[in-house]
Amino acid sequence: MTTASLGLSRRNTLRSSLRRLPPVIWALLLMIIFFGVCQPRFFSLSNAISMLCQGSILMILSLGVCVVTVAGGIDLSVGAVMTFSGMIMAWLLVNTSVPIAFILLATLLVGIAFGMLNGVFVSKMRIPSFIATLGTQGIALGLSLGMNKGYTISGLPPAIGYFGNGTFLALPIPIWLAVGAFLVTFVLLRFTPFGVYAYAIGGNEDALALAGKPSWLFKIFTFGYAGLMSGLAAIVVTARSMAAQPTVGVGMEFEAFSAAVLGGVFAGRGGAGETVLGVLFILILRNGLNVVGVPTYYQLAIIGMTLIVGMALSMVLERRLRR
Amino acid sequence: MEEQPKAILQLKGISKVFPGVKALDNVSFDLFPGEVHVLVGENGAGKSTLMKILAGAYSRDSGDILVDGEAQRWWTPAIARAKGVGMVYQEFNLVPFRDVAENIFLGHERRRWRLFLDRASMHREAAKRMEDIGVSVDTHTPVGQLGVGQQQMVEIAKALLLDVRVLVLDEPTSALTVREINQLFETIRRLKKLGVGIVYISHRMEEVTEIGDRITVLRDGQYIGTLSRAEYHIDRVVKMMVGREIKDLFPRHFREPGEVALRVEGLCTHDKLKDVNLQVRYGEIVGVAGLVGAGRTEAARAIFGLDPRTAGTIEVEGKRIARMSPPVAISKGIGLAPEDRKQDGLFRMLPISSNVLMAGLRRFFPGWIVTRSKEQKVAKRFVDTLRVQPPQLQKQVRYLSGGNQQKVVIAKWLAIEPKVLIFDEPTRGIDVGAKAEIHSLMDKFANEGKAILMISSELPEILGMSDRIYVMHEGMVVGEFGRPANSEEIISCAMGVKK
């Protein structure tokens, strides 16, 4: 190949890879500049770290939602499952003398169990994922409220606080956990056959079935993975507040779903990277609105509006690109 | 002397019964290495069923499958693949957003350290395999961004990934351009040299003569015969495909057609239709024949304004309709009884009365309020005229038989006092008795002076009912026949044989 043609092809790939970047990046940049100009405090390192630490829970949940969404499903239960796993964790910590490691494992297992249950409903019983996971959301939320008659479980052993407020190499543990969850999800979707199958289910499930693979089983696994992430988020959220509140996850589904979709995750498309962008978008939006002084109540409305505007824009973009 | 090659594959005396239909009756088929064996037959002759049995997707009721002369007892999709049977279905089974390599290797990924994908090696191998079949394509491109021809090639590469000895191509050229077809034939010739046996299903006679070594004809689920290259001639094949006697079962009155009610000229849509010219006069039944995928349903949809047209004119009673849409069509007195009546023609969960009034509601209720008693009275009139069984207005239409559901669709259009009625496969899935009733209704409407356009894949229906017949092929009206029409001429015309 001549050098000239090499240069040409490289320039082409640069342009096409620029175009392939998720549009949310430009929105992110705009927002960072806007909030930074409005309130220079926004740019401080402590603000960034506290934002990311706060956001680690959303990050972990969104990564689970991402895997389900890529495979063509919707998971509306992640927040409630996180809450319930956290309640179980706190109950075990307060009322039993089981070693902490086992309790953490049990917390993850509760999440996985709920996720797999969702998967079975969707895959084997053919209930639309929207309905199945809405049902599970109700179940998990109701059980969380019932466990301690609606009250918070507190008085956890101080050792558990490490997972919420401890630091490692100057960064809070929740951030490390979120980074770990990102890496695992990224590798899973990008570099393993499971990832290929998840995308295939979202893109054309018949193709996978005709290739002789049990697509139904892999579908169950995608929900199981979302459950695992809910369990991990439960550990962080419980350890951070040293208590398990039965309403801590209310509304988290909405934010996790918004993050994944705004990042550019759809059935058969998008991935862990896009999810991180979507999560950063929501975190920066919230943080910026806080810094600027918009009351929390209205923030939800603004995120909802962003979701709709973002979707409308991406539909227009898509139609434009297809031509 | 050279040794006679042994058949890779033999199907012997295969039969398959679906509820109510004998899809295959004692059909045999064989395939030698390095040959292209063409399978032809009309719509519903049993080609697809036979191929699904070969792929293991359907089980056979009786008969033997032999691979290399050995009878196979168990025959599932997995075993079929393991024995070297590769299928390329007419509808592609690709994952649109994923790249070429991933699609080719779907389900058979190469791994590194067991758990991880070996993408580099998959891309290398995919590129090589695409080149082997004569295509150079960047294996990192999502298949959704490829043209149809290249997608077809990806499907073939996918089928050839495992050591394939029998490759089934089901209507492989239906979506391809001429250049892509030539490329496909080039690929097929290469595969022949490698000793792959190819089963080639097609409707197009030109192709069949160009690529086929032998040709087997099926008709109504039965094996009619196999011709070798030296023996076959288009006329002979067509005769074998049609074969049956067309009995004059159809109620038909003599009538004199009136003025032109509907005239369509140069109609095109962005995907399927290329040039549709037709006209229907009052008091006339006009049949539209053609093979599946010829664009007949699309033509009906475009005329009714469901799909936008990109060129051409539609005239109703001599007046051009600039922007056709279903409301406009209905206001001009055009009704469409669609092919898939359960999906497109009816509200299955609603009662008969609501369905009957769905299109003509405003005629009977110009104001804001729909009263139950008047609704029932109006609906009853039409239900009685058409003798819908049972005549219970409150019954949800999903509980009716196919024939009565079709009558409800017809009643809906009678309620707008139609001038032009378009029937798309009016008697599909309807039992014999009800079929005759629908036919006599159509005859009655024509006698009353309505203009009728009837799309049908059943040749006897076309021949028996129509005053005139148009034949469509690849999005164009390619022929027009008066009465009495010759079935062989129509079939040849529908398959694109040029005279």
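Me: Which residues in helix α8 (residues 234-242) of chain B are buried?

Reply: They are B:Val237, B:Val238, B:Met240, B:Met241 and B:Val242. Buried means under 20% relative accessible area, while exposed means over 50% and partly exposed lies in between (1.4 Å probe, protein chains only). "Helix" isn't an eyeball call either: helices (H or I, at least four residues) and strands (E, at least two) are DSSP runs, numbered from the N terminus.

One heads-up: this is a predicted model, where local features need pLDDT of at least 70, side-chain atom pairs count only at pLDDT 80 or more, and totals for chains, interfaces and linings use all residues. Residues are numbered from 1 along each chain as its sequence is written, chains are lettered from A and ligands numbered from 1 in the order in which they are written, and side-chain values use heavy atoms, with hydrogens and water left out.

Me: What do the buried residues of α8(B) pack against?

Reply: Their partners in chain B are β3 (36-40), α7 (205-211), β11 (214-219), β12 (222-228) and α18 (487-494). Contact here means heavy atoms within 4.5 Å. Just after α8(B), B:Gly243 has a positive phi of about 60 degrees.

Me: What makes B:Lys128 and B:Asp132 a salt bridge?

Reply: The rule wants a side-chain nitrogen of Lys or Arg within 4 Å of a carboxyl oxygen of Asp or Glu. For B:Lys128 and B:Asp132 the closest N and O atoms are 3.8 Å apart, so the pair passes. Both sit in helix α4 (residues 119-132) of chain B, 4 residues apart, about one turn of the helix.

Me: Why does B:Lys128 count as partly exposed?

Reply: Because its relative accessibility is 46%, which falls between the buried and exposed cut-offs. B:Asp132, at 43%, also counts as partly exposed.

Me: How do you know that B:Arg255 forms a salt bridge with B:Asp467?

Reply: The closest N and O atoms are 3.2 Å apart, so the distance rule is met. This pair links distant parts of the chain, 212 residues apart: B:Arg255 is in the loop between α8 and β13 (260-268), and B:Asp467 is in the loop between α17 (459-465) and β21 (468-473) of chain B. Both residues are buried.

Me: What makes chain A as compact as a globular protein of that length?

Reply: First, the make-up: chain A has 13 helices and 4 strands. Its radius of gyration is 21 Å, close to the 20 Å that the globule rule gives for 323 residues, so it gets that label. The radius is taken over C-alpha atoms, and the rule is 2.2 Å times the number of residues to the power 0.38. For chain B, with 499 residues, a compact globule would be near 23 Å; the 26 Å of chain B agrees.

Me: How many residues of chain A are in contact with chain B?

Reply: 20 residues of chain A touch 19 residues of chain B. The area buried between them is about 1600 Å², with carbon and sulfur atoms giving 65%. That area is the accessible area (1.4 Å probe) that two parts lose on being put together, summed over both. In chain A, A:Pro193, A:Val196 and A:Leu210 lose the most, together 28% of what that side buries.

Me: How many salt bridges does the rule find across the interface of chain A and chain B?

Reply: It finds 0 there, whereas a search of the whole structure gives 33 over all chains.
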